[in-house]
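These entries record what I looked up in the structure shown below. I took the sheet and its helices before turning to the backbone and the cysteines.

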Amino acid sequence: MKYIIDKTTGIPAYLQLYKQLLEDIVKEIYSFGSKLPSKRMIANEVGVSTVTVEHAYALLCDEGYIAARERSGYFVIFHTDDGFVASSNEKENPIHHHHTNRHENSTHIEFPFSVLAKTMRRVISDFGESFLDRSPNTGSIELREAISRYLARSRGIYAEQNQIIIGSGSEYLYNLTVGLLGRNKVYAIEAPSYKIIEQVYSSSGVKLEKLPLSPDGIDSAALQNCRADVLHISPYRSYPSGVRASASKRHEYLRWAGQNDRFIVEDDYESEFSISQKPEKTLFSQTSDTNVIYMNTFSMTVSPSFRVGYMVLPKRLVSEFEKRLGFYSCTVPTYIQFVLAELISNGDFERHINRVRRAKRKELNKYRK
């Protein structure tokens, strides 16, 4: 077996194995429907424990590349063809729909107020009156650089600070997207969709198509037959349906965007709180093309009251943004930006995320017992 674990890299063995297996699945060395080698076989031939193999397989299951069948093993459910159809097993077990408000979560743990208060005092002390200064139009350099480093180490997104735009929440950023890409384009959204997404695009006066969701993402036929130039999606978990795009569907979205100079707006709300042992892969990080705009907020991870979001532009759109929208002032107070930059840089932000993810896993395990 060709899989090799390099013990000198510092990368956990299960992640190295996961990446090699993933590459073979995407390249169809393990084709759709095929059975993967048993955990014991891989463990013996690669020289790792069965627990290591189990962790690698669990990640592939979490991301929708393989599925476990009781007493049968692990089978590939990733499909490279357009029009992926879920297996009968998946149809019998559709993703559960969640009908709570987008800002609500039964396992949500509030960001520790004591930590937040201490950070706010430190920012006042360290920055003095400079936090009264006007922020650059795209956001403070401190926050954009902190986000850039955070995305690189946690989400596999490598973007320079000038690709990052700070704004007061999702709605503001949705509007900027229309201003950047143009009102003459046709926009498509998931149906059902978070109502504010539809309201923003409708109020912008653009042509809007609503694409129905299937259990693994937007219906393939609807996507292929639409006239849209821009596709706005929430692949991690669409609200209010709770539908999560499968690995196959995510690749389908990227293939769609690769035609006719189309764009994807990837609304990655809440994905940091995935219970997976490995952070969710973003579409932005999965493509070398320059047609995905990544978007996220701090509403869930810190507080909705902060009203802070950000988007990451492909490099080719940076100068276009400056030309079309560079005159817009940043809508987030400089002080709040400095506080968020400090929370990210000193590790408090990621410690909180990890704490919530552990709590969610604990709650899930409780219900499984």
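For helix packing I took contact to mean heavy atoms within 4.5 Å. I used axes that are lines fitted to C-alpha atoms, for helices over the stretch in contact, with angles from 0 to 180 degrees between N-to-C directions. Helices (H or I, at least four residues) and strands (E, at least two) are DSSP runs, numbered from the N terminus.

I noted that this is a predicted model, in which local features need pLDDT of at least 70 and side-chain atom pairs count only at pLDDT 80 or more, while totals for chains, interfaces and linings use all residues. Residues are numbered from 1 along each chain as its sequence is written, and side-chain values use heavy atoms, with hydrogens and water left out.

**Entry 1. Sheet**

I looked up the strand order and found an open sheet of eight strands, β3-β10-β9-β8-β7-β4-β5-β6, with mixed pairing. I counted two strands as paired if DSSP finds at least two bridges between them. The edges are held by β3 and β6 (217-218); each has a single partner strand, so one side of each lacks a neighbour in the sheet.

I then checked two pairings. Strands β3 and β10 (residues 309-312) run antiparallel and are joined by four bridges; I165 has M311 in β10 as its bridge partner. Strands β7 and β8 run parallel, also with four bridges, and V230 is bridged to F263 in β8.

**Entry 2. Helices on the sheet**

Which strands does helix α7 (residues 170-181) touch? I found that α7 packs on the sheet with contacts to β3, β4, β7, β8, β9 and β10, and that its direction makes about 165 degrees with that of β9. Helix α6 (residues 141-154) lies across β3, β9 (292-297) and β10, and runs at about 120 degrees to β3.

I also asked whether the two faces of β3 (residues 164-167) are buried or exposed. Buried means under 20% relative accessible area, exposed over 50%, and partly exposed in between (1.4 Å probe, protein chains only). Both faces are covered, since I164 and I166 on one side and I165 and G167 on the other are all buried.

**Entry 3. Helix α5**

I compared the length of α5 (residues 113-127) with its expected span, taken as 1.5 Å times one less than its number of residues. The 15 residues should span 21 Å, and the end C-alpha atoms are 21 Å apart, which agrees. Within α5, I listed V115, L116, A117, T119 and V123 as buried. Just after the helix, G128 takes a positive phi of about 55 degrees.

**Entry 4. Backbone exceptions**

I found a cis peptide bond from A191 to P192, with omega near 5 degrees; P192 sits in the loop between β4 (186-191) and α8 (195-203). The bond from Y239 to P240 is cis, with omega near 5 degrees, and P240 belongs to the loop between β7 (230-233) and α10 (247-257).

In the loop between α10 and β8 (263-267) I located N260, a non-glycine residue with a positive phi of about 60 degrees. N260 is exposed, at 62% relative accessible area. D261 lies in the loop between α10 and β8 and, although not a glycine, has a positive phi of about 55 degrees. D261 counts as partly exposed because its relative accessibility is 47%.

**Entry 5. Cysteines**

How many disulfides are there? Taking a disulfide as a pair of cysteine sulfur atoms within 2.5 Å, I obtained a count of zero. C226 counts as buried at 9% relative accessibility, and C330 is buried at 15%.
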